[in-house]
Structure formats: C-alpha cells, structure tokens
Amino acid sequence: MTSAPLDGHDPARRRFLALCASAGLGTAAACTPVAPRADRRRDRPLLPETEQDAPGTADWRIRSAGPPDAVTGYTDQVSVVPGQECGLHVSTTAASFRVSAFRVGWYGGKQARLVWASPRIPGRAQPAPHLLSATRTVRADWPVTLSLDTTGWPEGAYLLRLESDTGHQRHVPLIVRSTEGAGRTVLLHAPATWQAYNRWGGYSLYAGSSGAYATRSLAVGFDRPYDGNGAEKFLVYEWALVVLAERLRIPLAYTTGVDVHRDPSVLSGAHAVVCLGHDEYWTPEQRAHVTRARDAGTNVAFLGANTCFRRVRLEDGERAEARTVVCYKTSYRADPYYSSDPALVTTDYRDPPAADPESSLTGVLYEGYPVDAPYVVHTAGHWLYDGTGVRDGEGFAHLVGVEYDRVTPAFATPGPLEITAHSPLVCEGRPSHSDSAYYTAPSGAGVFATGTMRWVEGLLAGTGELGRDHGMDARTRAFVTRTTENLLRTFARGPATRHAPPPVANAARVYGGTA
C-alpha cells in the first residue's frame, strides 16, 4: 500500500486508492481532498517556503495515547527525500487504524498542516520484540504494514499520527530532508539522541529492563517504535524551534545527524546550521562535516546543552543503512574497535582512548546534571539581546537546566569568544556556572551556544503546551523568543562577521584564569 498527497487530481493518489480497493479496504474512508496546489511539481521537491501561506490544522496532537500496545509503529528510515517511499511498521490491538501525516510549521499559529491521510487499514498485533544478547539491542523487526509514497510532500519535519479505531493515538517522527542547503539555514534533527533515550522494549543506552545501568544496551536500533507518545524528544527539544523558524520565513533546509554523517552535501554553501535542544550523540564523521562547514563560513548555533558529548558509530541493519547507534560509554574497552581503531571507540569525546573534547567546536563544555537555575545575562549590549530590554545581571528563573555547559579555558576553546550569559548554579552540591558563548571562526562564521538544555523549551514557557515548563514564565518566553529571532535572522544572512559586531573576548576576565 502506498500513500499520496492530499490532492484530488494527483495520479499517485488515484494509484493509492486503486491499491486500497484491491486490498479490500475500499475508497470511502479516503481523506477529503483539498484544493490542488499550483506549485506541486514532479521535477523538483517542494521547498519549505512553498508552505508559508498554506492552511494549517490544530488537530495534530495526541488526544488519547491509551495503553502502550494500543497502537504504535516505526518507519524503516529516519528520513526520506521528497518522492522516496518509506515503509511504516505498525502494531495495534484494534481491528483497524488510520495514518495522518502532519508537516510541522507556523501555519498561522496552528503549527502543522495535514499533508496526507490514509483510509482505514486492517490492524494486527505484532509479535514481541527480540533481544540481541551481545549488545542487548531490542529489535521489533515487524513486517511492513504500508509503504508511504512521499511524492508531493514538501521538505520539512513530519509527525505521522497513528489512530486506532478505539481512539488511541501515537506519533511517529519522520524528516523529509533537503538535498540542497546552499543559502539556507539547515535545521539538524537528532534521531541518534532520540534513540539513545528510547526505552521501548525495556532497554536504552542508559538502562536495561531492570533499570540498572550495568544491563543497558551497548547498541540501540531504529527498528522499533519510540516509547511514550512516540515523539517525545522531538516535541520537547525541536518542535518549537521549527515552528519559530518557519514563522520567520527565512530560507530553510531540513536534515538529520544520521544523514550528515553519510552525506554532508546539504551543508555546502549553507548560511547556517542549527543544532537543536538535545543533540548529544554524534559520529566523528558528523562532527568533522559540521566543523568543515564552519570553516567554510557556515554559521553554527547550538540551542541546547550536552551537544556532541558522546562519540557513536552508526551500523547498518539487515535491510537498510545506519539503523543501529553504537555507544559503549564506560565499557569502551569492550568496544570491538578499542585495539584496532581508537578514534572510533564509542565513549565520551573528552575521554580516552582518543580524547577530543567537544568545546573545540561548540565553544563550551558539558559539565553537569541535574540543575535548575536562573539564566543570568552578562553582556546585555550584545547584538543577540537587541530588543529584549535586558540589563547586565538580569535573570530568568529556571531557564538553566536540566543539563548545562560552561566555558572551560583549560580545554580547547576557540577564540575570540565572548560569554554573553554567566549563570551561577549548584549541581550536586558543587557551585559552578552555566555560560552562553559566542565566537567567530577565521572563515567569518559565527558560533553561538546557549549552554542550557531548556532553551527550546523556553520558547513555550508559560503556555502549558507540552504540559511542562519547569516554572518558566511568559517573560522568559518573550526573552528567549526575541533572542532566538535575532540569532536566526542574523545567521540566515551568511557569515556573521559580515553582518554583526565581533565578539569581545572576556573568558579570562570572567573566570580570572581559574576556569
């Protein structure tokens, strides 16, 4: 079974309905077509800007998740290019279910658009997952339930919503990626980190079925659903930034860390790369490609903390490339590459056998968890804070958390670097600081790191949108939103040294040579 866009004149849709009829599903349940879009062409993908004035829908959220086995699923690829088919694997205890594909964006404040919807599809409860004992990797390996034909789907971030006939729902994230990013701001999604924390089937890179770290997975695979609502990490740490970036109408491109690992061409000529709220797990290839982009003049924004902290490998699955995220962490001596290729050993970047702290790229170094502290502005006159009205020393409660970074001159730190926020905190009884920092590279690229994992969540502060805002308020939302707008608009123009004042190096003064 294949999918097609919501366009009543689309030949792919007619093929889809014919397939549904041949499968005994009928056509009466097919979605109501919308007016055809004049710019829907077959010879090139639809770029994100074609969506700017399209109608949206507010009905994209999960209304009732139900039991974990009510309905759930996964795709056989973390991303596709427009027009590429993607297998969807679904398990449900219901007799039937439907699938709706929502593209995330501004859409006049509705924040998503329904691009495609399936008819009713017969449901089936799939077998229990199996465990690969050597690495404690959970695999569902369910058969393909239907094939999604993404012809006519604009580039962007998508939420596939599965809905059983009992009314229960789950999301499945999918990136319809861009093949070209020249002159654009590339949004870099983080499926390797989503998967690292995924406990579906009882195992993640953090704990085994007993909850113990010692029995955690050493490798986790994409051939299984995500736990919870199906897209928690995307919704908490990425979704709000996508909505904001699309509202600003800057030229955008979409990709993932998995894709940049395999093919960095989307970064060629890009004006900016934006790493989102929690992007912890990077391969050496991904890191090298982003670093080379910076060195060619591409601005880089790190809108979280703990970024590029873990070195991982991507290994192929039985049916597709890069379906397994490998990270041995503290068990790195058991990594098969420990003796033969230390640079590929999967542990923290700052640790042996091939230490290479992330600060050489990000400008800041991950320091701790958990923390909850105010974000304290240090250089209110910085262009990032234009229009916010902030003063030096002004704070925003709860914006620093739950993990944080700081400038640590004892490690490799690019320069000139300016600390724009310097936030006192106490983590596990130890006083320290979280830092926001901005530096420029010889290529003219600007690099900004927020130093807090709650930055993207701050875009929703006080709204109750995700059911959690850590006590952040509307004042914090206004500050984070305006600062992020300044950042995105400036970085979207090209190398920052051409468009913004240079950083005023102040790390030595802030830390007094004791950092």
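In which strand is Pro370 found? Pro370 is found in strand β21, which spans residues 365-376. I open with this residue because the backbone around prolines is one of my topics today. Please keep in mind throughout that we are looking at a predicted model.

Let me begin, then, with the peptide bonds. The bond from Tyr369 to Pro370 is cis, and its omega is near -5 degrees. A second cis peptide bond joins Pro352 and Pro353, with omega at about 15 degrees. Whereas Pro370 sits in a strand, Pro353 is placed in the loop between β20 (324-326) and α7 (359-362).

I turn next to backbone angles. His398, in strand β22 (residues 395-406), has a phi near 70 degrees, a positive value in a residue other than glycine. With a relative accessible area of 27%, His398 is partly exposed. Glu428 also has a positive phi, near 50 degrees, and again this residue is not a glycine. Glu428 belongs to the loop between β23 (417-427) and β24 (430-440). Its relative accessibility is 70%, so Glu428 counts as exposed.

The next topic is charge pairing. Across the whole structure, a search finds 30 salt bridges. I shall discuss three pairs.

In the first pair, the side chains of Arg249 and Asp53 meet with an N to O distance of 2.6 Å. This salt bridge links distant parts of the chain, 196 residues apart: Arg249 lies in the loop between α4 (239-247) and β14 (252-256), and Asp53 in the loop between α1 (11-22) and β1 (71-75). Are these two partners buried or exposed? Arg249 is partly exposed at 43% relative accessibility, while Asp53, at 64%, is exposed.

The second pair is Asp59 with Arg161, a salt bridge of 3.3 Å, N to O. Here the partners are 102 residues apart, with Asp59 in the loop between α1 and β1 and Arg161 in strand β10 (residues 156-164). Asp59 counts as partly exposed at 36% relative accessibility; Arg161, at 4%, counts as buried. Both residues also take part in a network of salt bridges, in which Asp59, Arg63, Arg161 and Glu163 are linked.

The third pair is Glu280 with Arg310, whose closest N and O atoms are 3.0 Å apart. Glu280 lies in the loop between β15 (272-275) and β16 (281-282), and Arg310 in strand β18 (residues 310-311), so this salt bridge ties together parts that are 30 residues apart in sequence. Both Glu280 and Arg310 are buried.

Finally, I come to the nonpolar interior. The largest nonpolar core has 75 residues, of which Trp239, Leu241, Tyr375, Phe479 and Phe491 touch the most other members. Helix α4 supplies the largest share of this core, with seven residues. What does Phe479 touch, leaving aside residues up to four places away in sequence? The contacts of Phe479 are Tyr375, Val377, Tyr385, Thr388, Val390, Phe396, Leu399 and Trp455. Apart from the largest core lies another, of 27 residues, including Leu267, Val273, Val300 and Val407.

To close, I would return to two places in the model. One is the cis bond from Tyr369 to Pro370. The other is the network that links Asp59, Arg63, Arg161 and Glu163 through salt bridges.

Technical notes:
Residues are numbered from 1 along each chain as its sequence is written. This is a predicted model: local features need pLDDT of at least 70, side-chain atom pairs count only at pLDDT 80 or more; totals for chains, interfaces and linings use all residues. Side-chain values use heavy atoms; hydrogens and water are left out. A salt bridge is a side-chain nitrogen of Lys or Arg within 4 Å of a carboxyl oxygen of Asp or Glu. Helices (H or I, at least four residues) and strands (E, at least two) are DSSP runs, numbered from the N terminus. Buried means under 20% relative accessible area, exposed over 50%, partly exposed in between (1.4 Å probe, protein chains only). A nonpolar core is a set of buried Ala, Val, Leu, Ile, Met, Phe, Trp, Tyr and Cys residues joined through side-chain atoms within 4.5 Å. Contact means heavy atoms within 4.5 Å.
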